[in-house]
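Here are my notes on this structure, for someone who has not looked at it before. Please read them with the model open.

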Amino acid sequence: MTNLKDIAFRMTGSGKGILAADESTPTCTNRFNSIGVDSTPENRNEYRDLLITANGMEKYIGGVIMFDETIRQSTTCENKIPFVEYLTKKGVVPGIKVDKGAKNLAGFENEKVTEGLDGLRERLNEYYELGARFAKWRAVIRIGDNTPSLGCYEANAHALARYAALCQESGLVPIVEPEVLMNGTHTIDKCYDVTDKALKITFEQLIKQNVSLEGMVLKPNMVISALDCAEKASVEKVADMTLKCLKANVPSEVTGIAFLSGGQSSDDATKHLNAMNAQDDNLPWNLTFSYGRALQHDALNSWGGKNRQEAQKRFLQRAKNNSLACSGVFSN
Ligand code: 5MM
């Protein structure tokens, strides 16, 4: 079995990041509705194909997160090669979203816990056989007047740790994603406090469940002002506060940290990552991206169901910009 640390390095090292293309069918349908394309299995296959087969994407992308439907699909224009096989041949690690979504947390108002642990060992073994070498599980933490509660932090951290241990038992690198949402009006200082606590409790649980830290990838939110906050923090402030929070909470053994974009504009997501890597080139972990919307937004809109070439061009440009940001050398 390949060493988990090596896989985590291939996903996040050498200036590469991760493409999050694991939208579940309802989310993909919302995205397609916005561009007037029917969300059929064939159209979803065609869209994922244009991302995965974009010429040279492997220079910038070390791993692709897929949804259950996608990992069973194949390229549409290159002799129907299964996506897993196609990616593996290009040196890109195939991955799979394995959580079953964030559901209401019983006993708490307006809080979620991510489900999917029952039967997970068997599902992971099947995905390993299909060729996946990493997995992803996303926990959702919303900032509100009286949230998050300690019960919400702990329930989500415990599930993330149980999932991560099961992944490593099956030979898969777990991406551990405790996402503090950008929705709301809160300040960057509030986001710092909540992210600090979420990471602290998540690592306590990961250590208790004997998860190998070098064989995992953390996928956190950046420390940032909420979407509807009256005062938007500068790029420098986001970079400073995010690095401070990560240094305070993420053990140096962790191989990679790959941010989610979370609703930031594509440009902001690149600038923030760039500022962090420009500020400190001696970080203990690879600091990179695992973006969904910030990598796909331009491509999806220019595709519109037809314009494959333009969509691939836009996707490659975003991937390249973020790869440069991994070395802190991106400039507009
Ligand atoms: C790609 O979107 C994923 C969520 O999909 P579902 O809501 O359909 O399950 C999501 O987990 C994603 O991987 C991360 O949030 C990163 O995506 P963004 O768009 O925040 O960079």
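The points below take up the pocket and its ligand, then the enclosed cavities, then two details of the backbone.

1. Status of the model. This is a predicted model, and the remarks that follow should be read with that in mind.

2. The largest pocket. Its volume is about 980 Å³. The lining of this pocket is made up of 36 residues. T27, K97, K136, R138 and E179 are the ones that lie nearest the centre of the pocket.

3. Where the lining comes from. Two helices, α2 (25-34) and α6 (120-130), each give at least two residues to the lining of the largest pocket. The strands β6 (134-141), β7 (173-180) and β10 (286-291) likewise each give at least two. Which element supplies the largest share of the lining? It is β6, with three residues.

4. Character of the lining. Sorted by class, the residues that line the largest pocket are 16 charged, eleven nonpolar and nine polar.

5. The ligand and its place. What space does the ligand take? The ligand occupies the largest pocket. Around the ligand there are 18 residues, and the closest of them are S24, T27, K97, K136 and S261. T27, K97 and K136 are also among the residues that lie nearest the centre of the pocket.

6. The shell around the ligand. At least two residues of this shell come from each of β6, β7 and β10. By class, the shell has nine charged, six polar and three nonpolar residues.

7. Polar contacts of the ligand. Three contacts to oxygen atoms of the ligand can be checked in the model. In the side chain of S24, an N or O atom is 2.6 Å from a ligand oxygen. R293 also uses its side chain, with a polar atom that lies 2.7 Å from an oxygen atom of the ligand. For G292 the partner is a polar backbone atom, and the distance to a ligand oxygen is 2.8 Å. As for cover, the ligand on its own has 500 Å² of accessible area, and the protein covers 89% of that.

8. Cavities. How many cavities of 30 Å³ or more does a search of the whole structure find? There are two. The largest cavity has a volume of about 50 Å³, and the second largest holds about 30 Å³ of space.

9. The largest cavity. Its lining consists of E179, V180, L181, M182, N221, M222, I224, L260, S261, G262 and Q264. Six of these residues are nonpolar, four are polar and one is charged. Two of the names have come up before: E179 is one of the residues that lie nearest the centre of the largest pocket, and S261 is among the closest to the ligand.

10. The second largest cavity. N110, E111, K112, V140, I141, R142 and C152 form its lining. The classes here are three nonpolar, three charged and one polar.

11. A cis peptide bond. Between T147 and P148 the peptide bond is cis, and its omega is near 0 degrees. P148 belongs to the loop between β6 and α7 (150-169). β6 is also the strand that gives three residues to the lining of the largest pocket.

12. A positive phi. Where is S14 placed in the chain? S14 is in the loop between α1 (4-12) and β1 (17-20). Its phi is near 55 degrees, which is a positive value in a residue other than glycine.

Definitions and conventions: Residues are numbered from 1 along each chain as its sequence is written. This is a predicted model: local features need pLDDT of at least 70, side-chain atom pairs count only at pLDDT 80 or more; totals for chains, interfaces and linings use all residues. Side-chain values use heavy atoms; hydrogens and water are left out. On a 1 Å grid over the protein atoms alone, a cavity is a set of points where a 1.4 Å probe fits but cannot get out, and a pocket is an open set with protein on both sides within 12 Å along at least five of seven lines; lining residues have an atom within 4 Å of a point. Grid points are joined across faces, edges and corners, and a volume is the space filled by probe spheres set on the points. Helices (H or I, at least four residues) and strands (E, at least two) are DSSP runs, numbered from the N terminus. Ala, Val, Leu, Ile, Met, Phe, Trp, Tyr, Cys and Pro count as nonpolar, Asp, Glu, Lys and Arg as charged, and the others, Gly among them, as polar. A residue is near a molecule or strand if one of its heavy atoms lies within 4 Å of it. A polar contact is a pair of N or O atoms within 3.5 Å; within protein, one must be able to donate a hydrogen and the other to accept it, and residues adjacent in sequence count only if both atoms are side-chain atoms. Accessible areas come from the Shrake-Rupley method with a 1.4 Å probe; for residues, only the protein chains shown count as cover. A molecule sits in a cavity or pocket if more than half of its atoms lie within 2 Å of its grid points.
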